[in-house]
Amino acid sequence: MSRVSVYLHANDPICRAGLASQLRPRPEVLVLDEEECSGAEVGVVVSDTVDPESLRAMRSLRCLGIPRLVVVAGRIDEADLVNVMEVGVAGVVRRSEATADRLVSVITSAAVGEGAVPPDLLGRLLTQVGRLQRQVLGPRGLAFSGLADREIEVLRLVAEGLDTAEIARKLAYSERTIKNVLHDVTSRLQLRNRAHAVAYALRNGLI
């Protein structure tokens with residue numbers, strides 16, 4: 001089995017050294033030195049809290065080309081979880097739970113594109129997401145996909161091969177409205193054309 005190359009970032013050198021001492025003996029991972037960091041498969045950021053400084057560190061590692069990130073934090077809540085997910089973090093570990101076995105498990109999962117989040121945090125995040133959908137997005141006809149129900153329906157009909165006039169008749173809209181809907185979707189989501197919009201909807205399980 002090939003070893004996962006890992007770069008460790010911590011503002012406290014003692015903390016970094018402690019983490020490195022846990023991981024270096026493990027055959028599953030290869031801890032890289034600072035000059036090798038751009039070749040890492042996974043970056044691990046250690047911080048007391050998810051603060052602006054640690055978020056900047058995560059973004060910097062992504063800019064270096066490190067594709068996956070793991071955060072080890074002393075304290076983290078569901079709001080912090082949203083922030084780190086926006087940066088592209090794949091795994092979250094509380095420092096109190098950061099045993100060598102746990103770290104290796106989360107790092108190797110991140111390396112193959114799998115996520116790992118403390119179960120209690122995930123539960124609270126899902127509750128928060130559900131509340132947002134019900135109270136904010138739902139009443140506006142929106143979903144987390146960023147598409148309104150009408151937009152999804154138009155894309156579904158495009159995928160079925162209907163042209164603008166046929167979609168307009170089926171949905172009882174004007175052709176101009178259908179064209180505007182498609183233009184809004186492609187512009188907002190930075191899609192190239194109708195086919196790209198349909199592909200996006202299919203890939204995200206919307207149609």
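Select Arg 188 and Glu 151 to begin: their side chains meet in a salt bridge, with N and O 2.8 Å apart. A salt bridge is a side-chain nitrogen of Lys or Arg within 4 Å of a carboxyl oxygen of Asp or Glu. Arg 188 belongs to helix H8 (residues 175-188) and Glu 151 to helix H6 (residues 149-159), so the pair ties together parts that are 37 residues apart in sequence. Helices (H or I, at least four residues) and strands (E, at least two) are DSSP runs, numbered from the N terminus. Glu 151 is buried, with a relative accessible area of 10%, whereas Arg 188 is partly exposed at 41%. Buried means under 20% relative accessible area, exposed over 50%, and partly exposed in between (1.4 Å probe, protein chains only).

The model is predicted: local features need pLDDT of at least 70, side-chain atom pairs count only at pLDDT 80 or more, and totals for chains, interfaces and linings use all residues. Residues are numbered from 1 along each chain as its sequence is written, and side-chain values use heavy atoms, with hydrogens and water left out.

**Helices H6 and H8**

Now display the whole of H6 and H8. Their axes come within 10 Å and cross at roughly 100 degrees. Axes are lines fitted to C-alpha atoms, for helices over the stretch in contact, and angles run from 0 to 180 degrees between N-to-C directions. H6 and H8 are therefore roughly perpendicular to each other; angles under 35 degrees count as roughly parallel, over 145 as roughly antiparallel, 65 to 115 as roughly perpendicular and the rest as oblique. On the H6 side the contact includes Glu 151, Val 154 and Leu 155, and on the H8 side it includes Ile 178, Val 181 and Arg 188. Contact means heavy atoms within 4.5 Å.

**Two loops beside H8**

Which residue should be selected in the loop between helix H7 (164-171) and H8? Ala 172 lies there. Its phi is near 60 degrees, a positive value in a residue other than glycine. Ala 172 is exposed, with a relative accessible area of 67%.

Next, select Gln 190, in the loop between H8 and helix H9 (194-203). Gln 190 is not a glycine, yet has a positive phi of about 55 degrees. With 72% relative accessibility, Gln 190 counts as exposed.

**The sheet**

Turn to the strands. What is the order of the five strands in the open sheet? The order is S2-S1-S3-S4-S5, with parallel pairing. Two strands pair if DSSP finds at least two bridges between them. Strands of a sheet pair through backbone hydrogen bonds, either parallel or antiparallel. Strand S2 (29-31) and S5 are the edge strands, each pairing on one side only. From one strand to the next, the twist averages 25 degrees.

Strand S1 (residues 4-10) runs parallel to S3, and five bridges join the two. To view one such partnership, select Ala 10, whose bridge partner in S3 is Val 46.

Add helix H3 (residues 78-87), which lies across strand S4 (68-73) and S5 and runs at about 145 degrees to S5. Then add H4, which lies across S1, S2, S3, S4 and S5, running at about 155 degrees to S4.

**The end of S3 and beyond**

Select Ser 47, which has its place in strand S3. Is Ser 47 buried or exposed? At 10% relative accessibility, Ser 47 counts as buried. Leaving aside neighbours within four places in sequence, Ser 47 is in contact with Ser 54, Val 72, Ala 73, Gly 74 and Arg 95.

Keep Arg 95 selected and add Asp 48: their side chains form a salt bridge, 3.1 Å from N to O. This pair links distant parts of the chain, 47 residues apart: Asp 48 is in the loop between strand S3 (42-47) and helix H2 (52-63), and Arg 95 is in the loop between strand S5 (89-94) and helix H4 (100-111). Asp 48 is partly exposed at 47% relative accessible area, and Arg 95 is partly exposed at 35%.

A further pair to select is Arg 26 and Glu 28, a salt bridge whose closest N and O atoms are 3.1 Å apart. Both Arg 26 and Glu 28 are buried. The count of salt bridges comes to eight.

**The whole chain**

Finally, show the complete protein, which has nine helices and five strands. Buried residues make up 40% of its 207 residues. Among contacts between residues at least 6 apart in sequence, 63% join residues at least 24 apart.
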